[in-house]
Amino acid sequence: MPAVDERVIARMRPHARVLVLPVLVLWGSLGLATLLVDRVDWPLWNLAVLTVAGIVVVLLTIVPTLAWLSRGFTFTTERVVTRSSFGGTRRETMLARVHDVTVRRRGMQALFGAGDVLLSTGGDRAVVLSDVPHASLVQRMLSEQLGSRGRAVPEAEA
């Protein structure tokens with residue numbers, strides 16, 4: 001049960017650059033289907049073209065977009081809540097347990113200002129918030145939240 005004075009600081013989804021490929025697939029599928037319709041004198045040709053285009057769009061555009069929409073992060077004054085997958089898996093990490101906030105950037109993440117935010121709680125493995133947009137800003141915000149509790153968190157960025 002959330003504390004009475006707990007308030008939401010930010011809500012966000014993983015970086016949207018993962019949607020570039022689904023959008024390109026959508027455009028390509030629609031363009032190719034438009035070119036192929038009415039090209040062959042076979043009664044089921046148009047149905048076959050539209051069926052294949054529909055399957056490609058559903059599998060390579062709609063499913064990845066829904067997967068992206070189902071993931072998200074909520075930052076409050078007391079905890080960090082992560083949602084992942086279609087099943088609605090939800091994980092809460094209390095800020096009182098966090099003692100270190102680190103940003104890790106790989107590949108294209110640095111170019112877009114995104115990164116993985118690692119929350120060290122003293123357990124075996126850190127809690128990883130994958131592909132957070134504006135990762136340095138999120139790290140700073142979490143560090144300020146931890147600092148306001150009378151705890152110092154080092155500003156580490158790898």
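This report walks through the strands, the core, the largest pocket and a few odd backbone angles of one predicted model.

Some ground rules come before the tour. Local features need a pLDDT of at least 70 and side-chain atom pairs count only at pLDDT 80 or more, while totals for chains, interfaces and linings use all residues. Residues are numbered from 1 along each chain as its sequence is written, and side-chain values use heavy atoms, with hydrogens and water left out.

**Strands**

Helices (H or I, at least four residues) and strands (E, at least two) are DSSP runs, numbered from the N terminus. Two strands pair if DSSP finds at least two bridges between them. Strand β6 (residues 115-120) and strand β7 (residues 127-132) do so in the antiparallel sense, over four bridges, and V117 sits opposite L129 in β7. Six residues lie between the two strands of this hairpin, and G122 there takes a positive phi near 90 degrees.

β6 also runs antiparallel to β5, with five bridges joining them; D100 stands opposite S120 in β6. Buried here means under 20% relative accessible area, exposed over 50%, and partly exposed in between (1.4 Å probe, protein chains only). Four of the five residues of β5 are buried, so β5 is largely enclosed by the rest of the structure.

**Core and helix α4**

A nonpolar core is a set of buried Ala, Val, Leu, Ile, Met, Phe, Trp, Tyr and Cys residues joined through side-chain atoms within 4.5 Å. The largest one has 18 residues, of which F75, V117, L119, L129, V138 and L142 touch the most other members. β2, β5 (100-104), β6, β7 and α4 each give two or more residues to this core, and the largest share, five residues, comes from α4.

What about the helix itself? In α4, the buried residues are A135, V138, Q139, M141, L142, S143, Q145 and L146. The expected span of a helix is 1.5 Å times one less than its number of residues. For the 13 residues of α4 (residues 135-147) that should be 18 Å, which agrees with end C-alpha atoms 18 Å apart.

**The largest pocket**

On a 1 Å grid over the protein atoms alone, a pocket is an open set of points where a 1.4 Å probe fits, with protein on both sides within 12 Å along at least five of seven lines; lining residues have an atom within 4 Å of a point. Grid points are joined across faces, edges and corners, and a volume is the space filled by probe spheres set on the points. The largest pocket holds about 170 Å³ of space. Its lining includes R71, F73, R83 and R91. The elements giving two or more residues to that lining are β2 (72-76), β3 (79-84), β4 (89-94) and β7, with β7 giving the most, four residues.

**Unusual phi angles**

Most residues other than glycine have a negative phi. Here are two exceptions:

| Residue | Phi | Location | Relative accessibility |
|---|---|---|---|
| D38 | about 65 degrees | loop between α1 (20-36) and α2 (45-69) | 62%, exposed |
| D131 | near 55 degrees | strand β7 | 10%, buried |

**One buried loop residue**

Finally, A114 lies in the loop between α3 (109-112) and β6. A114 is buried, with a relative accessible area of 0%. A114 and S85 are 29 residues apart in sequence and 20 Å apart in space, C-alpha to C-alpha.
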